[in-house]
Amino acid sequence: MCENALVVNGLTKKYRDFTLDNVSFTVPSGSIVGLIGENGAGKSTTINAILGLIHKDGGSVEILGQPDETMDNQARSQIGVVFDGNNFPDMLSPGKLNRVFRDIYPQWDEQRYFSLLEKMNLPAGKKIGKCSKGMKMKLSIAAAFCHQSRLLILDEATSGLDPVVRDDILDMFLDFVQDENHSILVSSHITSDLEKAADYIVFIHEGQVIFSKAKDELRYKYGVIRCGAAQFDAIDKEEIIAWRKQDYEWEALVADREAARRKYPKAVIDPATIDEIMLFYVKGERK
Amino acid sequence: MKGLLRKDYYLIQSVLYIMLLVLAVIGISMSYLTTPWVLTVISTIVLGMITTTTINIDRSSGWRKVSAVLPVSKQTLIDSKYLLYLLLSGTGLLLGILLGAGASLLKTRPDDEGVLIYICISIALAMISGSLTIPCGFLLGEDKNTLVMILVYPLAAAIFIAAVLLFPNKEIACAAVAAAGILLFILSWIIARRWIPSRDLV
């Protein structure tokens, strides 16, 4: 087993109006890594470059211990991919898809596939075009699970789905990583999903990685100071990551909530959600 | 490769049966109106064209991205479309010949004049158009592809007419264009295998 299922190092892709700039992060084996960022931040470009759908202008990608350029079909078959929206033609049915994948993947697990379809209430004979968005997404995930995948890469797999389906899908992710050889990279702008499932968070903004941290570090260490103008002026700006002026108060994001509490005992300091952290980095002012 | 062709078969399955029925009806009608051998041209082109439809469906359905991460090389993805085109065009040609022969036999005066010329026309049109529509299907958007489809057949016909005007013997002219078409198709296949994988897919 390799230590990291995915290593992205200095990944660069230049377009006329956008640059994915020197993106680096890892997906440790046995973990779920959430790739977050606003729309257009570079999440899909990162995933497309990792998967070789677009050619990178710089950097390197190592998947399951192999450089992406030299990956053979055997290694490729261990990567399960789910894209946002449609993945399969509408004319196919889950049953026909089974026959297609049986001929493509050497390790296709037909029994597991049909048991997953049953578990997810997906009729094998129903045309994909007649399935709901949630059913289509579940089908894509079921297919990604059934060829002995060790690494799942999902691009906005939960967007546009209702909370119940999203919750089912997140449970499937958590089941998948029970095996420590399995890992997931999932991009999403629904941070609450990642708050539930992810072990690490990689935040991309304007094509650059702003931070790559353990989720628990963000949840248990980061905090938001809420205070008035006078109190805000008294705060040492070196200790603040970013701040925002709201209607009636000032909000400041700090990396060490407990240290801030000790230093400013009168201030209200709340734990920061991933959403808030993202907003501070994107919309807040920084020194 | 087998899985990719199977997927394409499922895509065209419903269309294929209807098309075969339509071709049979047209074939019978044609045999009374004009020479039944014209059906070889129609069936070869119509069945071959379905390949471009599958490329467009792959794009619009998201399969194109999925197929790029399957454990098959990008060259195999391209090969599968060229092979599908050959299979469908070949089936169309064979079907055209069979229907033409059947219709010809049903006529009071069997009509086997020009059968070789019609076969050459079928091969030439199918190969010339395929050599352009397949790579364009991979490289261009759906709108531009439709434009290519509209333009490619008149272009192939123009090459044919030019050849007939150049060569005094009609049979030789037809055979030469058919041979050139096959050569162009092979060339297109080789270039597509090398060039298309180096392009961004999205």
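Two strands pair if DSSP finds at least two bridges between them. Keep that rule in hand for the strands of chain A. The model on your screen is predicted.

**Stop 1: strand β7 of chain A**

Select residues 151-155 of chain A, which make up strand β7. How many of the residues of β7(A) are buried? The count is 5 of 5, so to speak a strand that is mostly covered.

Show the side chains. A:Leu151, A:Ile153 and A:Asp155 point one way. A:Leu152 and A:Leu154 point the other way. Both sets are buried. In a regular strand the side chains alternate between the two faces of the sheet.

**Stop 2: the neighbours of β7**

Add residues 79-82 of chain A, strand β6. It runs parallel to β7(A), and 4 bridges join the two. Pick A:Val81 and look across: its bridge partner in β7(A) is A:Ile153.

Now add residues 183-187 of chain A, strand β8. Here 5 bridges make the link to β7(A), again with the strands parallel. Which residue of β8(A) does A:Leu154 stand opposite? Select A:Val186 to see that partner.

**Stop 3: a buried salt bridge between two helices**

Select A:Asp193 and A:Arg166. Their side chains meet in a salt bridge, with 3.0 Å from N to O. A:Asp193 lies in helix α7 (residues 191-197) of chain A and A:Arg166 in helix α6 (residues 163-176) of chain A, so the pair ties together parts that are 27 residues apart in sequence. Buried or exposed? Both A:Asp193 and A:Arg166 are buried.

**Stop 4: a salt-bridge network**

Move to A:Glu251 and A:Arg226. This salt bridge spans 2.7 Å, N to O. A:Glu251 belongs to strand β13 (residues 250-254) of chain A, and A:Arg226 to strand β11 (residues 223-227) of chain A. The two residues are 25 apart, so labelled as distant parts of the chain. Both A:Glu251 and A:Arg226 are buried.

Widen the selection to A:Arg244, A:Asp270 and A:Glu276. Together with A:Arg226 and A:Glu251 they form one network, joined by salt bridges that share partners. Over all chains, the structure holds 23 salt bridges.

**Stop 5: where chain A meets chain B**

Colour by chain. On this interface, 26 residues of chain A are in contact with 28 residues of chain B. The buried area is about 2500 Å², and carbon and sulfur atoms give 63% of it. On the chain A side, select A:Leu53, A:Asp103 and A:Ile104. These lose the most area to chain B, together 23% of what that side buries.

Next, the polar side of the interface. There are 9 residue pairs in polar contact, both residues being at pLDDT 80 or more. Highlight α1 (43-51), α2 (73-76) and α3 (94-104) of chain A, the elements that give two or more residues to the side touching chain B. The largest share, 6 residues, comes from α3(A). By type, that side of chain A divides into 14 nonpolar, 7 polar and 5 charged residues.

**Stop 6: A:Asp103 and its partners**

The rule finds 3 salt bridges across the interface of chain A and chain B. Centre on A:Asp103. One partner is B:Lys2, with the closest N and O atoms 4.0 Å apart. Another is B:Arg6, where the closest N and O atoms are 2.6 Å apart. Why does this second pair join two chains? B:Arg6 lies in helix α1 (residues 2-33) of chain B, while A:Asp103 lies in helix α3 of chain A.

Finish with accessibility. B:Arg6 counts as partly exposed because its relative accessibility is 23%. A:Asp103, at 23% relative accessibility, also counts as partly exposed.

Notes. Residues are numbered from 1 along each chain as its sequence is written. Chains are lettered from A and ligands numbered from 1 in the order in which they are written. This is a predicted model: local features need pLDDT of at least 70, side-chain atom pairs count only at pLDDT 80 or more; totals for chains, interfaces and linings use all residues. Side-chain values use heavy atoms; hydrogens and water are left out. Contact means heavy atoms within 4.5 Å. Buried area is the accessible area (1.4 Å probe) that two parts lose on being put together, summed over both. A polar contact is a pair of N or O atoms within 3.5 Å; within protein, one must be able to donate a hydrogen and the other to accept it, and residues adjacent in sequence count only if both atoms are side-chain atoms. Ala, Val, Leu, Ile, Met, Phe, Trp, Tyr, Cys and Pro count as nonpolar, Asp, Glu, Lys and Arg as charged, and the others, Gly among them, as polar. Buried means under 20% relative accessible area, exposed over 50%, partly exposed in between (1.4 Å probe, protein chains only).
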